Structures are given as structure tokens and as C-alpha cells.
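Visitor: I've got this one open. Let's go through it together.

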Amino acid sequence: MTIPVSILWNQDQLTILNQQKLPHVIEYIHLDTIEAVFDAIISLKVRGAPAIGITAAYGLAIGASQFSAEKLEDFQQELHEQYIYLAGSRPTAVNLFWALERLMKKAETAKTVEEAKAILLAEAIAIHKEDEEHCRKIGEYALSVLGDYRNVMTICNAGSIATAKYGTALAPFHLGAEIGKEFHVYACETRPVFQGSRLTVWELQQSGVEVTLITDGMAAHTIQAKGVQAIIAGADRIAANGDSANKIGTLGLAILAKAFKIPFYIAAPSSTFDLNLADGTQIPIEERDEKEITHIGESRIAPEGTLVYNPAFDVTPNEYITGIITEKGIIYPDYQKNIHNTLGEQIG
Ligand code: MRU
């Protein structure tokens with residue numbers, strides 16, 4: 001049983017698992033240009049907040065390695081343009097901007113073009129490595145809060161393939177499998193693009209975790225009928241007061257958790273917090289192509305001319321969240337105060 005990984009940096013080459021093709025085809029593809037990285041992010045070949053950040057960081061480093069500028073000033077100008085370009089790929093996951101800004105800041109310290117190129121790549125590798133360590137810690141903390149629970153529900157894929165390794169919301173299940181702690185995971189299929197059925201079910205099967213697939217509309221009944229004991233989800237951006245954006249459908253699960261009096265946890269690394277935003281109303285919500293809803297694959301499932309609203313994310317207000325599990329520990333209400341105390345110095 002193995003925990004799948006989706007991003008590899010090997011012999012100066014970036015390789016990703018093409019998540020668009022899962023679960024039917026396991027295809028690893030090379031991304032050799034910044035344009036290929038942009039396309040991979042926008043088309044969901046790589047997706048999940050931390051994975052987007054890591055891939056974008058490599059993308060900027062790859063792009064910069066191909067600049068022809070000889071003067072540092074010209075190099076920095078081109079770097080800025082490419083940073084703006086990559087930052088335009090997806091709007092909600094703050095890890096994208098966090099990773100790119102981290103590289104831009106480091107590049108400012110370079111004294112030569114060659115040094116800048118080396119610094120950018122080293123920083124991308126550091127972000128990649130740190131994310132794996134952070135996800136493992138999140139998994140350990142999550143295991144401790146889930147205690148003896150067996151039946152746990154999740155949505156989307158906040159898994160190993162959405163990060164460097166282990167995942168956030170799925171990390172406790174992978175670590176549990178390693179130590180013989182058995183979970184039964186209820187995975188919401190996650191309309192419209194099925195990250196739950198295509199990715200989470202596949203990923204958990206790879207590491208030997210028991211998983212049952214349900215459609216999103218079955219969540220309430222499943223909690224009631226199957227004795228779901230907790231819900232855990234990832235996040236794309238968490239505001240300073242704990243309001244958390246995640247895949248569309250997460251808010252509904254949080255409301256259900258409150259109604260059924262079971263805990264609802266968000267699991268995310270510190271790179272997913274945006275302390276510049278006071279609350280979740282300021283989080284930009286991506287709206288995607290209506291075809292994701294009117295079609296399944298190439299088959300149309302709604303009449304021509306159907307009006308469509310397709311927000312990719314929703315925001316769960318902090319009062320629905322039992323705790324936010326980070327690599328620095330578990331943050332409980334009062335979120336405003338405790339997020340600042342736990343993360344403020346690093347990020348604020
Ligand atoms: O549109 P996606 O597939 O990129 O959305 C991903 C999610 O909503 C994840 O839950 C989130 O990014 C956390 S990944 C550890």
C-alpha cells in the first residue's frame with residue numbers, strides 16, 4: 001500500500017500526476033515551461049491549495065531559468081511579469097500567491113542573474129519539502145483529535161495528491177493506515193468535477209483506507225444512518241477570524257455537523273491563512289465554466305440555454321468550525337485571538 005504523490009522534482013525536471021485523467025489513467029507529465037504550468041493549474045491537472053502553490057513556485061523558477069536577460073534589472077522586470085501571469089491562474093487558494101510572493105522576496109536578495117535563478121529554484125524546493133513536513137504534522141494532530149472515531153466524512157480531495165504528501169484532511173487516514181488505526185471514510189463525490197469520487201476514493205484505496213462513496217445530496221442521511229462521528233475538510237483560504245473557504249459543498253456539511261452535534265474540523269497548513277483578510281466575505285470565490293455543470297464529460301445533462309451558477313468554493317463561517325488543525329497545533333475559538341497568537345508572527 002502506498003500513499004500517492006503528485007509532484008516530483010527530479011534531475012532538474014518538474015513532473016506532475018495528471019489529476020484530470022484519474023482514476024482511469026495514471027499519467028505523469030513533465031512541465032517544462034511556465035505556460036505549461038499555468039495550463040496545468042487552470043485546467044486542474046494539478047489542484048488543491050498546497051499543490052497549486054508548490055507547482056507555481058517551480059513554474060516561476062523554470063520560467064526564470066529560461067530568461068535571456070543578462071542585466072539583473074531586466075531579469076527582475078521579466079520575473080515580475082511572469083509572477084503576475086502565474087498569479088492569474090486561479091483566484092481562491094491563497095497558497096498560490098503565498099508561494100509566488102515568497103519566491104519574489106527571495107529573488108530581491110540576488111546580486112546576479114545566475115544567483116537569482118539558483119535562489120528561485122532553491123526556494124521552490126524548500127516550499128515543496130516543508131509542505132510534506134507540515135502535512136505529516138497536521139496528520140498527527142488530526143489523529144489525536146479524531147481519537148477513537150471510526151466513521152468520518154470528507155469532501156473534495158484534501159489529500160496527498162493535493163499537497164506535497166499525506167494531504168491535510170486525508171492525512172490522518174493515511175497515517176492511521178500506517179499504524180493500524182482503522183477509519184471508515186465517507187467521501188462526498190463533490191460535484192461538479194468529482195474530486196471526491198475520482199481522486200479521494202482512488203487515493204485512499206492506494207493506501208488501504210476503507211472508503212465509501214456517496215453523492216453530495218446523501219450527506220445528511222448518511223450522517224444519520226451510518227453514525228458519522230466527525231467531518232474533516234481542507235481549505236483554500238482562511239481569513240484572520242477563521243472563516244474558511246473550501247470546495248463548494250463544505251458549508252453545507254458544516255451546517256449539518258452543527259445540526260447533528262458532531263465536530264467539524266478544517267485541516268490546513270499555515271500557508272493557507274490570509275491574515276490580510278478580516279473575514280471570509282473578502283475571500284474571492286472562483287466561478288468556473290458552466291460546462292462543468294451542464295455536461296458530464298462530453299455528454300450534455302441539462303437543456304440548451306440552461307442558466308448556470310458555478311462557484312467552485314464556499315465559505316464556512318467560523319462559528320461552524322470546531323477546530324482548525326495546522327502544523328503548528330490545533331486552533332480553537334476564539335479564532336480571532338488564537339489564530340493571531342499561533343500564526344501572527346509568521347504571516348501577519
Ligand atoms: O478546485 P480544487 O480541486 O483545487 O479545490 C480543492 C479544495 O477545495 C481542497 O479541499 C483544498 O484546496 C485543500 S487541498 C489540501
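**Inside and around the ligand**

Visitor: Which residues does A61 touch?
Guide: A61 touches L103, L120, L121 and A124, leaving out residues up to four places away in sequence. Contact here means C-beta atoms, placed from the backbone, within 7 Å.

Visitor: What kind of model is this?
Guide: A predicted one: local features need pLDDT of at least 70, side-chain atom pairs count only at pLDDT 80 or more, and totals for chains, interfaces and linings use all residues. Residues are numbered from 1 along each chain as its sequence is written.

Visitor: OK, the ligand. How many residues surround it?
Guide: 18, and the closest are R47, G48, A49, G234 and K247. The cut-off is a C-beta atom, placed from the backbone, within 6 Å of the molecule.

Visitor: Which elements supply at least two of the shell residues?
Guide: Helix 2 (49-65) and strand 9 (244-247) each do. Both kinds are DSSP runs numbered from the N terminus: helices are H or I, at least four residues, and strands are E, at least two.

Visitor: What does UniProt say about R47 and A49?
Guide: Its unreviewed entry lists both under "binding site", along with G48, R90, Q195, N246 and K247. Such annotations may be inferred rather than shown by experiment.

Visitor: Where does R47 sit?
Guide: In the loop between helix 1 (34-42) and helix 2. R47 is buried, because 26 other C-beta atoms lie within 10 Å. The bar for buried is 20 or more, with C-beta atoms placed from the backbone; 12 or fewer is exposed, and in between is partly exposed.

Visitor: And A49, buried or exposed?
Guide: Buried, with 28 C-beta neighbours inside 10 Å. A49 is in helix 2. Beyond four places in sequence, its contacts include G234, D236 and T272.

Visitor: Back to UniProt. Where does it put the "active site"?
Guide: At D236, again in an unreviewed entry. D236 is in the loop between strand 7 (230-233) and strand 8 (237-239). It counts as buried because it has 31 C-beta neighbours inside 10 Å. Among its contacts beyond four places in sequence are A49, A245 and N246.

Visitor: New topic: sheets. What's the strand order in the open sheet of four strands?
Guide: 11-8-9-14, with mixed pairing. Strand 11 (273-274) and strand 14 (313-316) each have a single partner, so one side of each is left without a neighbour in the sheet. Pairing takes at least two bridges found by DSSP.

Visitor: How many bridges join strand 9 to strand 14?
Guide: Four, and these strands run antiparallel. In one of them, A245 is partnered with V315 of strand 14.

How values were computed. Contact = placed C-beta atoms within 7 Å.
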